[in-house]
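I opened this one fresh and jotted down what I looked up. Here is the structure, followed by my entries.

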Amino acid sequence: MASAWLFLLLAAGFEVLFALAMKYADGFTRLAPSGLVIVAASAGIYFLTLALRELPVSVAYPIWTGIGTLGTVLLGALLLGEALTPVKLLSVGLIVAGIAGLK
């Protein structure tokens with residue numbers, strides 16, 4: 001069961017990488033970031049699939065998307081200078097609370 005959670009964390013990390021790489025790919029006009037989008041999306045789905053061998057989809061999928069959301073929001077602020085408004089922070093907090101409620 002521990003390996004399923006590790007696979008889920010890896011999947012979520014690749015989900016964040018996928019989202020950020022899309023920004024840098026600039027509509028698939030830049031080769032290296034575009035390749036990273038494809039690799040990260042494939043790896044994220046691969047590790048999610050491995051996690052789903054042992055975890056219920058009703059828990060694993062929301063955790064995957066929630067970590068992806070949280071990581072993307074935080075790294076978007078840190079790397080891309082995106083604003084962390086009170087409404088955005090509250091919204092992310094509600095997502096995390098919803099995921100915690102599912103577990």
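**Starting from L8**

I began with L8: leaving out residues up to four places away in sequence, L8 touches L48, A51, L55, A60, I63 and W64, where contact means heavy atoms within 4.5 Å.

A note to self: this is a predicted model, with local features needing pLDDT of at least 70, side-chain atom pairs counted only at pLDDT 80 or more, and totals for chains, interfaces and linings using all residues. Residues are numbered from 1 along each chain as its sequence is written, and side-chain values use heavy atoms, with hydrogens and water left out.

**The core**

I looked up the largest nonpolar core (buried Ala, Val, Leu, Ile, Met, Phe, Trp, Tyr and Cys residues joined through side-chain atoms within 4.5 Å), and it has 14 residues. Among those with the most contacts inside it are L8, A11 and W64. The elements giving two or more residues to this core are α1, α2 and α3.

**Helix α1**

Helices here are DSSP runs (H or I, at least four residues), numbered from the N terminus. I checked the length of α1, residues 2-25: at 1.5 Å a residue its 24 residues should span 34 Å, and the end C-alpha atoms are 34 Å apart, so the two agree. The expected span is 1.5 Å times one less than the number of residues.

Which residues of α1 are buried? I found A4, L8, A11, A12, V16, L20, A21 and A25, with buried meaning under 20% relative accessible area, exposed over 50% and partly exposed in between (1.4 Å probe, protein chains only). They pack against α2 (31-51) and α3 (57-80). Just after α1, D26 takes a positive phi of about 50 degrees.

**One more residue**

I ended on L74, which is found in helix α3. L74 counts as partly exposed because its relative accessibility is 39%.
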